[in-house]
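Colleague: Could you take me through one part of this model in close-up? I'd love to see how a strand and its surroundings fit together.

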Amino acid sequence: MTSGAALPRTLVAGVGNIFLGDDGFGVEAARALAGEALPEAVEVADIGIRGVHLAYQLLDGYDTLVVLDATARGAEPGTLYVIDAAEPGSRRPPDAVALDGHRMSPDAVLALLGTLCAGTGAVPPRRTLVVGCEPATVEEGIGLSPPVAAAVPGAVRLVRELLGEAVGGEAVARPGHTSLPPLRRAP
């Protein structure tokens, strides 16, 4: 029986290009997560390179956005990061180039979302987290490198832990948790 109060909605979005090696990490992690039993108010989407689609989907009203993406920060390939997009310095300003729906970084998607919300009166997600994985290669080719492929199950566990936090459960994500690949909370 439900109490009638709507649960805060969470969208987990896997982004990246599966034709560029480890850039497909977000898509592969989203596919793995989609096979898991998740709370009712959580949606998992394979966004791939459709950044504009993600921005418009967020107009439907989500409290939390978790983006799964390859994130080059200089660590060993396969290292997982949790980046809070609200933290100062966590987001780079989008490049001043023409809008390209197939080459939009999460930063560009969030900038577009801000513009769309201002124009429509919609509210962006209250919280945006990025679960990133250090890539080994983003050269042309299908398939993840071994260290990034090995990080996918750890990313799924990490997202499940973050979802517990996002939907009101007990927070259990810990830097350096031994059952996960190397984890860095990004500064």
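To start, which charged end sits over the ring of Y62, and how is strand β3 (residues 64-70) covered and paired?

Modeller: Happy to! This is a predicted model, where local features need pLDDT of at least 70, side-chain atom pairs count only at pLDDT 80 or more, and totals for chains, interfaces and linings use all residues. Residues are numbered from 1 along each chain as its sequence is written, and side-chain values use heavy atoms, leaving out hydrogens and water.

It is R9 whose charged end lies over the Y62 ring, 4.2 Å from its centre (the rule asks for NZ of Lys or CZ of Arg within 6 Å of the centre and within 35 degrees of the ring normal).

Now to β3, residues 64-70 (strands are DSSP E runs of at least two residues, numbered from the N terminus). Seven of its seven residues are buried, meaning under 20% relative accessible area with a 1.4 Å probe, protein chains only. T64, V66, L68 and A70 point one way, while L65, V67 and D69 point the other. Such alternation of side chains between the two faces of the sheet is what a regular strand shows.

β3 pairs with β1 in the parallel sense over five bridges (pairing needs at least two DSSP bridges), and T10 stands opposite T64 there. β3 also runs parallel to β5, residues 127-133, joined by seven bridges. On that side T64 faces R127.

Finally, a look along the chain from β1: the loop between β1 (10-15) and α1 (25-34) holds G16. G16 counts as buried because its relative accessibility is 10%. The C-alpha atoms of G16 and G48 are 4.8 Å apart, although 32 residues separate them along the chain.

Notes
Helices (H or I, at least four residues) and strands (E, at least two) are DSSP runs, numbered from the N terminus. Buried means under 20% relative accessible area, exposed over 50%, partly exposed in between (1.4 Å probe, protein chains only).
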